[in-house]
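Q: Please take a close look at the helix packing in this model and at the loops that go with it. A connected account of the contacts and of the unusual backbone sites would be useful.

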Amino acid sequence: MLFNSFEFFAFFVTFLVVFFSLPPRTQPFVLLIGSYIFYMGWRPSYALLLALTTVVDYTTGLMMARARTELRRKTAMIIALSINLGVLGTVKYLDFMIANVIGLVGIFGYQLPDYALGIILPVGISFYTFQSIGYTLDVYNRRIEAERNFITYAQYVSFFPQLVAGPIERAPHMLPQFRRTHALSFENIPPGLWFIGYGLFKKMCVADALAPIVNGIFANPQNYSGSYNLLAGLAFIVQVYCDFSGYSDIAVGVARIMGFDLMINFRQPFFSTSISDLWRRWNISLISWFRDYLYFPLGGSKGGELKTTRNIMIVWLASGLWHGAAWTYIAWGAYYGFWLIVERHVTRKLQPEKWLGTKLSCVLGGIWAIACFTVGEIIFRAPSFTKALIMLQSFGDWGPLSYGTFKVLGLPSFELAMLCISLCILFIVDYYIAFRPEQLAKLAVFPRLPVVAGVGLAHYVLLFGVLGRIEFIYFQF
């Protein structure tokens, strides 16, 4: 059930009516049932893994709470992590490992038959598994008390607005919200609708409109000059931003209308001043998860530069592996780990703001961040190392852009013009959100202006958005 489908909004409206009409004591059960119905819309069997994760982490959480010795607490924690990571590793990485073993054996002259289990990756499993692991580690480290109400914990794992693509929430933030009853508040509806509307605009008017360029060029980069391959790289970073942040915005808006508060997962990353600043603004919930549950336990930046360098690289290799079972993802993680280490040393030793001034340093740092990000996302998006290398090597072969090529790719004149308008709207709005939020707040106080603007946004999305119900990119992770 995609957020950009009429089926979802029919489901959501029906859910709201039932959720707020029945007695408050029934809300936890309505939300839990609704979340499982939403998730089973992809495939009913997916619910079995979701239920397994819920039962395992709820049970081991109670075991840690009741354990009288540290050994029993650690044993319960290890059981939870082993089952969670075991399930995730099996469905996501087992075929990848089998294929690599067959290839490695073939190098030494032994031929094994090609074999693959053909396991279908359950949508959202990486997101809710990491959310559950975070709960387990928080209980083990005594940051929170173990949740004793099973229904409350089950809601936390399966909460449908952020179930399949995040943001990856934390138990201390979300569990208290599931313990209280929720009444329909008209104060939550306008901001909720704005989040939903802007998220749909990002997804349908920008991300999906860019898809023909990205898909067409990445599929056959050898057929295009460096100009088009660079354009495809730039188009992809905008596409994946609007696709993923669009989903996150819709999730925040849907949760807000229900009376729940979700974290903001993106903060205008294209206005970053460095690579590290960009990753502080991009997929914040995942990056902060790796920081808190992997980087800091490894020692963080304590223990000298060598250990810090090691820790950064481990975190980014793990991040690459989290994204998928492919060597391109691992290379993607190593690529960013390398440049973040380089940037750390350059910033600490050279202190460019002293030589260039703060403003110029920020501008040049921002340009460098986008250039580095574009190359990294080409590695991320390319179907193989070979095609990624073809695209990068072609950057020395410049040629003019032709309207005819865009038409062949699936963007005739009208669609191309509307895409350009949508891009302008996107960057203007993001600029004001990042640097002029007080101006937006002043506009909001004018009578009826928010309503008129909201209706206009809805009409724009319905008239000019891509209605093909294209799946969100991060569903595959």
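A: What follows goes through two helix pairs, then the nonpolar core, then the loops.

The model is a predicted one. Helix 3, residues 46-66, packs with helix 6, residues 150-158, at an angle of about 130 degrees, and their axes are 10 Å apart. That angle makes helix 3 oblique to helix 6. The crossing of helix 3 and helix 6 is right-handed. On the side of helix 3, the contact is made by Leu-50, Thr-54, Val-55, Asp-57 and Tyr-58. Helix 6 contributes Phe-150, Tyr-153, Ala-154, Val-157 and Ser-158. Sorted by class, the contact of helix 3 with helix 6 has seven nonpolar residues, two polar and one charged.

The second pair is helix 8, residues 189-219, and helix 18, residues 413-435, which pack at an angle of about 135 degrees with their axes 10 Å apart. Angles over 145 degrees count as roughly antiparallel and those from 65 to 115 as roughly perpendicular, so helix 8 and helix 18 are oblique to each other. The crossing of helix 8 and helix 18 is left-handed. Helix 8 makes this contact through Tyr-198, Phe-201, Lys-202, Cys-205, Val-206, Ala-209 and Leu-210. The residues from helix 18 are Leu-419, Ser-422, Leu-423, Ile-425, Leu-426, Val-429, Asp-430 and Ile-433. By class, the contact of helix 8 with helix 18 has twelve nonpolar residues, one polar and two charged.

Next is the nonpolar core. The largest one has 132 residues, and Phe-160 and Met-258 are those with the most contacts inside it. Helix 9, residues 226-258, gives the most to this core, with 18 residues. Leaving aside neighbours within four places in sequence, Met-258 is in contact with Phe-12, Phe-15, Leu-16, Phe-19, Phe-20 and Leu-31, among others. Further along the chain, Met-258 also contacts Phe-159, Phe-160, Pro-161 and His-182.

The loops hold several backbone sites to check. Most residues other than glycine have a negative phi, and most peptide bonds are trans. Against that background, a cis peptide bond joins Gly-166 and Pro-167, with omega about 5 degrees. Pro-167 lies in the loop between helix 6 and helix 7, the latter being residues 171-179.

Two residues have a positive phi without being glycine. Gln-268 has a phi of about 45 degrees, and its place is in the loop between helix 9 and helix 10, where helix 10 covers residues 275-281. With a relative accessible area of 11%, Gln-268 is buried, because the cut-off for buried is under 20%. Asn-283 also has a positive phi, near 45 degrees. Asn-283 is found in the loop between helix 10 and helix 11. At 2% relative accessibility, Asn-283 counts as buried.

Gly-299 is in the loop between helix 11, residues 284-298, and helix 12, residues 305-323. Its relative accessible area is 25%, so Gly-299 is partly exposed. Gly-299 and Ala-171 are 128 residues apart in sequence, and their C-alpha atoms are 23 Å apart in space.

Technical notes:
Residues are numbered from 1 along each chain as its sequence is written. This is a predicted model: local features need pLDDT of at least 70, side-chain atom pairs count only at pLDDT 80 or more; totals for chains, interfaces and linings use all residues. Side-chain values use heavy atoms; hydrogens and water are left out. Axes are lines fitted to C-alpha atoms, for helices over the stretch in contact, and angles run from 0 to 180 degrees between N-to-C directions. Helices (H or I, at least four residues) and strands (E, at least two) are DSSP runs, numbered from the N terminus. Angles under 35 degrees count as roughly parallel, over 145 as roughly antiparallel, 65 to 115 as roughly perpendicular and the rest as oblique. A crossing is left-handed if the near helix is turned anticlockwise from the far one by less than a right angle, and right-handed if clockwise. Contact means heavy atoms within 4.5 Å. Ala, Val, Leu, Ile, Met, Phe, Trp, Tyr, Cys and Pro count as nonpolar, Asp, Glu, Lys and Arg as charged, and the others, Gly among them, as polar. A nonpolar core is a set of buried Ala, Val, Leu, Ile, Met, Phe, Trp, Tyr and Cys residues joined through side-chain atoms within 4.5 Å. Buried means under 20% relative accessible area, exposed over 50%, partly exposed in between (1.4 Å probe, protein chains only).
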